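Subject: Structure handover

Hello,

Here is the structure I said I would pass on. My notes on what was found in it follow below.

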Amino acid sequence: MPWCYYNEYANRYETCLARPVSVRHALLALLSEGPKYGLRLQQEFEERTEKVWPLNVGQVYITLQRLERDGLVESDDDSGARPQKRFVITPAGGAELDAWLRTPAGDVPPPRDELVIKVLISLRVPGADVHDIVQVHRRHMIELMQRYSHLKAAVAEDDIGLALIADAELFRLDGIVRWLDAADARLKLHPAPDPAGRPTAARVPTPVPRRPEAGIRR
């Protein structure tokens with residue numbers, strides 16, 4: 001779920017299930033500043049993202065090869081005489097970068113979300129208490145929010161990048177907590193059906209006692 005978490009004991013970020021990061025477009029953005037070597041691109045990528053998303057230099061070169069193949073970057077040494085090639089962005093690469101920056105994130109249908117899938121699946125698992133499952137994840141999200149709040153409070157005023165990352169995670173986690181609260185409230189109003197196909201106790205109507213008909217004595 002989270003992009004990363006902050007290890008207070010080691011005083012550093014630890015990578016979790018990171019969201020997909022467009023390395024392709026990140027490299028184009030770095031090259032828009034001027035020609036650069038692959039190793040320099042790898043170093044600047046980690047510096048700009050506050051080392052939240054470690055990037056292997058091999059991945060950088062593979063991505064650069066694909067960008068060059070697609071005509072989005074060019075290398076200034078076709079002969080291969082230098083140990084490293086320096087790459088420059090092409091006009092087509094600049095147009096690709098501009099289009100990416102202006103394209104809203106997120107596609108339809110929504111991406112798979114592990115937490116949403118867990119809640120949906122738990123509705124059909126015999127013996128699973130979906131309300132308890134929701135609360136377990138809610139408590140975990142609150143703990144993560146507290147960590148990022150502490151991190152944000154400790155960030156230096158001039159460390160804009162880290163502050164932006166902390167803000168992004170706080171807003172994202174807050175949205176997850178809101179969804180969990182809404183899901184729990186909805187499930188209380190509309191209990192999930194029994195996995196065996198039987199109606200739940202909450203859906204069984206209460207019998208209404210019949211009144212004697214008028215004029216009939218008993």
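**Helix α5 and residue V119**

V119 lies in helix α5. This is a predicted model, and what follows was computed from it. With a relative accessible area of 4%, V119 is buried. Leaving aside neighbours within four places in sequence, V119 is in contact with V130, V134 and W179. The C-alpha atoms of V119 and A183 are separated by 8.9 Å, although the two residues are 64 residues apart along the chain.

**Overall layout**

The protein chain holds seven helices and five strands. Read from the N terminus, the order of the elements is β-β-α-β-α-α-β-β-α-α-α-α. The chain has 218 residues, of which 30% count as buried. Of the contacts with a separation of 6 or more, 54% come from residues 24 or more positions apart.

**Two nonpolar cores**

The largest nonpolar core has 18 residues, and those that touch the most other members are L115, M141, Y148, L173, I176 and L180. Helices α5 (114-122), α6 (130-154) and α7 (160-189) each supply at least two residues of this core. The largest share, eight residues, comes from α7. Another core, of 17 residues, lies apart from it; L27, L30, W53 and L97 are among its members.

**Helix α1 and its surroundings**

How many of the nine residues of α1 are buried? Seven are, so the helix is largely enclosed by the rest of the structure. The buried residues are V23, H25, A26, L27, L28, L30 and L31. They pack against β3 (36-37), α2, α3 (57-69), β4 (73-75), β5 (86-89) and α4 (91-102).

Two helix pairs involving α1 were examined.

The first to report is α1 with α2. Helix α1 (residues 23-31) and helix α2 (residues 38-48) pack at an angle of about 100°, and their axes are 10 Å apart. That angle makes α1 roughly perpendicular to α2. On the α1 side the contact is made by A26, L27, L30 and L31, and on the α2 side by L41, E44, F45 and R48. Sorted by class, this contact has six nonpolar residues, no polar ones and two charged ones.

Next is α1 with α3. The axes of these helices come within 10 Å and cross at roughly 80°. The two helices are therefore roughly perpendicular to each other. Here V23, R24, L27, L28 and L31 of α1 meet Q59, V60, T63, L64 and L67 of α3. The residues of this contact divide into seven nonpolar, two polar and one charged.

L27 and L31 appear in the α2 contact and also in the α3 contact. L27 is also one of the residues of the 17-residue core.

**H25**

H25 is found in helix α1. Is H25 buried or exposed? At 10% relative accessibility, H25 counts as buried, the cut-off being under 20%. The side chain of H25 makes a polar contact with the side chain of S22, at 2.5 Å. Beyond its neighbours within four places in sequence, H25 is in contact with E96, L97 and W100. Of these contacts of H25, L97 is listed among the members of the 17-residue core.

**S75**

S75 is found in strand β4. This residue has a relative accessibility of 10% and so counts as buried. Which side chain makes a polar contact with the side chain of S75? The partner is the side chain of E68, at 2.8 Å. Not counting residues up to four places away in sequence, S75 touches E68, K85, R86 and F87.

**Q43**

Q43 is found in helix α2. Unlike the residues treated singly above, it does not reach the buried class: at 33% relative accessibility, Q43 counts as partly exposed. The C-alpha atoms of Q43 and N56 are separated by 9.7 Å, with the two residues 13 residues apart along the chain.

**In brief**

To restate the main points, α1 is largely enclosed, with seven of its nine residues buried. Helix α1 is roughly perpendicular to α2, and α1 and α3 are roughly perpendicular to each other. The largest nonpolar core draws its largest share from α7.

Regards

Notes. Residues numbered from 1 in each chain as written. Predicted model: local features only at pLDDT ≥ 70, side-chain atom pairs only at ≥ 80, totals over all residues. Heavy atoms only, no water. Axes fitted to C-alpha atoms, helices over the stretch in contact; angles between N-to-C directions. Helix = DSSP H or I, 4+ residues; strand = E, 2+ residues; numbered from the N terminus. Parallel < 35°, antiparallel > 145°, perpendicular 65-115°, else oblique. Contact = heavy atoms within 4.5 Å. Nonpolar A, V, L, I, M, F, W, Y, C, P; charged D, E, K, R; others polar. Buried < 20%, exposed > 50% of the residue type's maximum accessible area, 1.4 Å probe, protein only. Polar contact = N/O pair within 3.5 Å; in protein donor to acceptor, adjacent residues only side chain to side chain. Core = buried A, V, L, I, M, F, W, Y, C linked by side-chain atoms within 4.5 Å.
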